[in-house]
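Got the model open in your viewer? Here is a short tour, one selection at a time.

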Amino acid sequence: MRVLGLRPLPVFERNAVSFRHQWWVLLSGVAEPIFYLLGMGLGLGGLVGEVELEGQLVSYPVFVAAGLMASSAMNGAIFESTFNFFFKMKEARCFDAMLYTSLRMRDVLVGEVAWSVARGGLYSAMFLVIALGFGTIESWWAVLSLPAAILIAIVFSSLGTYFTTFVRAWADFDLMQLAILPMFMCSTTFFPLSVYPGWAHPIVQATPLYNGVALIRDLHTGLLGWHDVGHVVYLLVMGVVFAWLTIRRMSNLFFA
Amino acid sequence: MTATRPHESTSIGRRQPLFRASRWAAMSAVFLHQLRRTRRAWGSSLAAGLASPTLFLFAIGAGLGSQIDDAELASLGVDSYMDYIGPGVLVVTAMQVAATESLWPTMGLLRWGGVYKAVLATPITSAELGVAHVMWLGFRAFVAGASFLLVLALAGAIGSWLGVLIAAVAVLVAWAHAAPLVALTVGLEQENVFPMISRVIIFPLFLFSGAFFPVEDMPSAVGAFAKITPSWHGVELARHLATGDLVQADLFHLGYLVVFCAAGFFLVQRRFRKHLDI
């Protein structure tokens, strides 16, 4: 553990071990996107038929499955990096205990963020297998949708952790829900960008989830373009910036 | 309760007739206490409660609805998809509010916070407490439902004055779900089954009770199952009330809900006596 890069490992391990008697709670988080796929994709899909994506018609289940895979990465990462992170920080005082060991603040944070990324990645991976079973994957590029989902999870883990450092009480999380739910519903998860009036396009396109959904959708359908490089860069920059901000803020909170 | 002193009348194992003034006084005391206890959170819980159904109404109803062509809408019997889902979203939201409140918050009142332990130290009986608590959850669903009904009316999704009655349907559906879940919660020591109930029971009921698409569009076995859920009966009833085109089947929907609620209240009383009386 003295090796520099492995220092956050015990933090990750602690989180994994804490779920050993409740692994079914962990795994059942994938139920929600699957029910959405069944309800919206297959149930409502019969009414919707096909939607237009970059000039081509895509069947609705294919369209919505990509959105749901990106959202499951977001939901897993956000849940872990907000509610659970807050509980560990304020109620269980886990971080105070960890900092009494040889761990540094950044080790604790990297371990925590890695764990929430793993949770988001787990849901996306499970969802990808299910989507494959439902036949909503149309291209071999979809292999890359898992790394893309992990990138989304990194963005939302660092965003979620940064937000949580400002949270005073549980009620403050209502604010987060007020941002996450609209983003989940409106980041072209369920309907294409063309539905919005022109002035709303930049607003939707500025959200991190939109970039993730668009990237994964292009990978699932194989309709890739240069704009996908833009999505990747956007997500990378956002992840790095918020991870850096969080480390700075947490160091101030705990050591100032 | 005449000759007993208060501490002796905590009514362990005692049964009283349902229609007795002291019972109703006891239940309204619990109800009023809840109203007072939660008064500070009303603003934010109302906003949070309205945000979710309003979002579903506009994102799914108007946004996704724009992708559904007129022929499909005609087969649903509506001009706009938003009008189709509006009343249904209200009903399943009332279901979701009441069902979620039956889990963690109810456990909190019964075990963690000790509020209901204090209530049981008064002359209020366990059965009265159970009924009053479920009634209270129905009231919460009523507030959520009635305020969303206003949103629906402003969005033009309610075509008839009979639509006012949808708020009452929301209460019945809330009771039908809250009662069995509260009956379950009172017997639990730990909350670890709650995430499972919320993910595998409540959320599927939200999506598959016919609010978003007809249950006939699902595989026949799933559709048949959906038709025995009280939430489906509530959704159908609410949709007919919104347009004002009532059919004979609505009487059956109403009867089904009433019977389901009555059975639920009966169950709650039994379980509260069993688990809270010493």
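Start by selecting chain A and colouring by burial: of its 256 residues, 46% count as buried, a residue being buried if 20 or more other C-beta atoms, placed from the backbone, lie within 10 Å of its own, exposed if 12 or fewer, and partly exposed in between. Before you go on, note that this is a predicted model, where local features need pLDDT of at least 70 and side-chain atom pairs count only at pLDDT 80 or more, while totals for chains, interfaces and linings use all residues. Residues are numbered from 1 along each chain as its sequence is written, and chains are lettered from A and ligands numbered from 1 in the order in which they are written.

Keep chain A and show the C-alpha trace. Along its principal axes the trace spans about 60 × 40 × 35 Å. Chain A has a radius of gyration of 19 Å, which agrees with the value near 18 Å for a compact globule of 256 residues (taken over C-alpha atoms; the globule rule is 2.2 Å times the number of residues to the power 0.38).

Switch to cartoon. You should find eleven helices and two strands in chain A, counting DSSP runs numbered from the N terminus: helices are H or I with at least four residues, strands E with at least two. Along the sequence the pattern reads α-α-α-β-β-α-α-α-α-α-α-α-α.

Now zoom in on the two strands. β1(A), residues 50-53, runs antiparallel to β2(A), residues 56-59, and four bridges join them (strands pair if DSSP finds at least two bridges between them). One bridge partnership to pick out is E50(A) with S59(A). Two residues lie between the strands of this hairpin, and E54(A) takes a positive phi near 45 degrees. Show the side chains of β1(A): V51(A) and L53(A) point to one face and are buried, whereas E50(A) and E52(A) point to the other and are not.

Next stop: L159(A), which sits in helix α7 (residues 145-164) of chain A. Why is L159(A) buried? Because 25 other C-beta atoms lie within 10 Å. Add V241(A) to the selection: 82 residues separate the two along the chain, yet their C-alpha atoms are 9.2 Å apart.

Finally, bring up chain B. Here 24 residues of chain A are in contact with 26 residues of chain B, contact meaning C-beta atoms, placed from the backbone, within 7 Å. On the chain A side, α3 (31-48) and α8 (173-186) are the elements giving two or more residues. α3(A) gives the most, with nine.

How values were computed: Two residues are in contact if their C-beta atoms, placed from the backbone, lie within 7 Å.
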